[in-house]
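Subject: Handover of a structure

Dear colleague,

Please find below the sequence and structure that I am handing over to you. My findings follow directly after it.

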Amino acid sequence: MQQGGTPDDRRRGGKDARGRREAVMGLPPHPLFSVSPIYSLLVSNEQINLMEGLISSRIIPIRAYGNQGNTPLFPTQTSSRRRVFYGPIRMMGPSTSSNSKAGSVKPLTASSSGRLDNTLPSKEVLDIWQKADAVCFDVDSTVCVDEGIDELAEFCGAGKAVAEWTARAMGGSVPFEEALAARLSLFKPSLSQVQDFLEKRPPRLSPGIKELVQKLKESGKTVYLISGGFRQMINPVASILGVPTENIFANQLLFKTSGEFSGFDANEPTSRSGGKPFAVELLRKAHGYKMVVMIGDGATDLEAQKPGCADLFICYGGVQLREAVSAKAGWLVFNFKDLINSLE
């Protein structure tokens with residue numbers, strides 16, 4: 001596109017642009033605007049206009065915090081052109097005092113759920129956690145880093161279809177018993193397949209779970225595993241953690257004498273929705289526990305937090321963060337070390 005004006009006009013316009021650039025980038029720090037080291041100098045009139053507009057509108061770009069290298073907010077650009085990265089901006093009203101100063105700016109963190117308050121436990125939550133007589137753990141995606149039934153299905157060649165059902169069940173969109181039956185019907189594992197799976201795929205524990213269980217036992221708390229998974233796969237996990245088999249509530253795969261799959265034991269409490277609160281209530285009455293805590297990642301774990309069952313539900317988001325569940329938890333943690341440290 002051809003530029004208008006004479007050559008002298010264009011040269012004069014270029015000088016004016018350089019003058020404006022020097023005025024914007026070369027002046028001493030403006031009381032309402034500061035250029036962070038992350039800003040690169042550009043030769044674009046559009047960006048000069050933008051900076052002047054920011055000053056006149058009293059809009060303050062927030063300085064970047066920490067390393068200016070390759071970060072999620074400011075990724076490194078490998079290009080021959082230099083780029084400018086603008087941090088978040090904050091509007092300011094007119095100053096009411098010539099001596100007033102902008103408040104200190106702190107970097108913000110945000111979870112995908114938009115909830116930050118339950119990542120820091122209240123005094124009441126800490127009190128329950130520290131005084132609990134018993135602590136109950138979900139197994140899949142909590143004690144272990146995977147969903148046992150998904151792993152078994154994948155081993156048997158039906159991983160994707162089963163994983164979709166698991167996501168629905170853990171999100172609470174379908175009754176658990178319906179999802180359990182549907183998943184098992186997709187691949188019907190034989191006894192030999194389960195045995196082969198257990199031999200070739202040993203349990204993968206979440207970081208810090210062994211230390212947490214040990215700390216709980218040292219603190220005089222009884223540890224339980226309450227899972228919608230299967231005893232055949234949970235018994236090895238309990239053995240590693242030193243949890244006795246009588247402290248396990250889980251489902252049971254059933255097989256014919258030939259070793260063919262024949263279903264699951266529907267009498268197990270955790271084979272249906274509402275099973276986990278029922279199990280917690282059962283053990284609470286049997287042992288006379290005054291305070292019980294449930295730790296897990298799914299909707300069936302959240303169900304346990306109600307009168308007469310678990311006094312507190314702690315959502316573990318270190319493997320799967322289910323927003324509908326974490327938002328209702330008394331405490332959301334991503335690292336078991338937080339729970340360990342709070343007991344010291």
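I begin with a helix residue: in this predicted model, Glu-164 is part of helix α6, which covers residues 159-171. Its relative accessible area is 47%, so Glu-164 is classed as partly exposed. Between Glu-164 and Arg-183 there are 9.2 Å in space, from C-alpha to C-alpha, and the two are 19 residues apart in sequence.

The chain as a whole may be described as follows. It has 14 helices and 10 strands. Of its 344 residues, 40% are buried. The accessible surface amounts to about 19,100 Å², and carbon and sulfur atoms account for 52% of this area. Where contacts link residues at least 6 apart in sequence, 64% of them join residues at least 24 apart.

I turn next to the annotated positions. The UniProt record, an unreviewed entry, gives the feature "active site" at Asp-138 and Asp-140. Both Asp-138 and Asp-140 belong to the lining of the largest cavity.

Asp-138 sits in the loop that runs between β3 (134-137) and α4 (139-143). With a relative accessibility of 3%, Asp-138 falls under the 20% limit and is therefore buried. Its side chain forms a polar contact of 3.3 Å with the side chain of Thr-142. Beyond the residues up to four places away in sequence, Asp-138 touches several others, among them Lys-276, Met-294, Gly-296, Asp-297 and Asp-301.

Asp-140 is located in helix α4 and is likewise buried, at a relative accessible area of 11%. When residues up to four places away in sequence are set aside, Asp-140 touches Asp-146, Glu-147, Gly-148, Ser-227, Gly-229 and Asp-297.

Helix α4 also contains Ser-141, which is buried at 1% relative accessibility. Ser-141 is not a glycine, yet its phi is positive, at about 65°. Most residues other than glycine have a negative phi. A second case is Lys-188, whose phi is positive and near 40°. Lys-188 lies in the loop between α7 (176-187) and α8 (191-200), and it is exposed, with a relative accessible area of 53%.

One of the contacts of Asp-138 deserves its own description: Asp-301. Asp-301 belongs to helix α12, residues 299-302, and its relative accessible area is 0%, so it is buried. Neighbours within four places in sequence aside, Asp-301 is in contact with Asp-138, Lys-276, Met-294, Gly-296 and Phe-313.

Finally, there are the nonpolar cores. In soluble globular proteins, nonpolar side chains tend to be buried together. The largest nonpolar core here holds 33 residues, and the members that touch the most others in it are Trp-129, Phe-137 and Ile-295. A second core, separate from that one, has 21 residues, including Ala-134, Tyr-289, Val-292 and Ala-299. With residues up to four places away in sequence left out, the contacts of Ile-295 include Trp-129, Val-135, Phe-137, Phe-313, Tyr-316, Phe-336 and Leu-339. Asp-138 is also among the residues that Ile-295 touches, which links this core member to one of the positions annotated in the UniProt record.

Yours sincerely

Notes: Residues are numbered from 1 along each chain as its sequence is written. This is a predicted model: local features need pLDDT of at least 70, side-chain atom pairs count only at pLDDT 80 or more; totals for chains, interfaces and linings use all residues. Side-chain values use heavy atoms; hydrogens and water are left out. A nonpolar core is a set of buried Ala, Val, Leu, Ile, Met, Phe, Trp, Tyr and Cys residues joined through side-chain atoms within 4.5 Å. Buried means under 20% relative accessible area, exposed over 50%, partly exposed in between (1.4 Å probe, protein chains only). Contact means heavy atoms within 4.5 Å. Helices (H or I, at least four residues) and strands (E, at least two) are DSSP runs, numbered from the N terminus. UniProt positions are given in the numbering used here, feature names are shortened, and annotations may be inferred rather than shown by experiment. On a 1 Å grid over the protein atoms alone, a cavity is a set of points where a 1.4 Å probe fits but cannot get out, and a pocket is an open set with protein on both sides within 12 Å along at least five of seven lines; lining residues have an atom within 4 Å of a point. A polar contact is a pair of N or O atoms within 3.5 Å; within protein, one must be able to donate a hydrogen and the other to accept it, and residues adjacent in sequence count only if both atoms are side-chain atoms. Accessible areas come from the Shrake-Rupley method with a 1.4 Å probe; for residues, only the protein chains shown count as cover.
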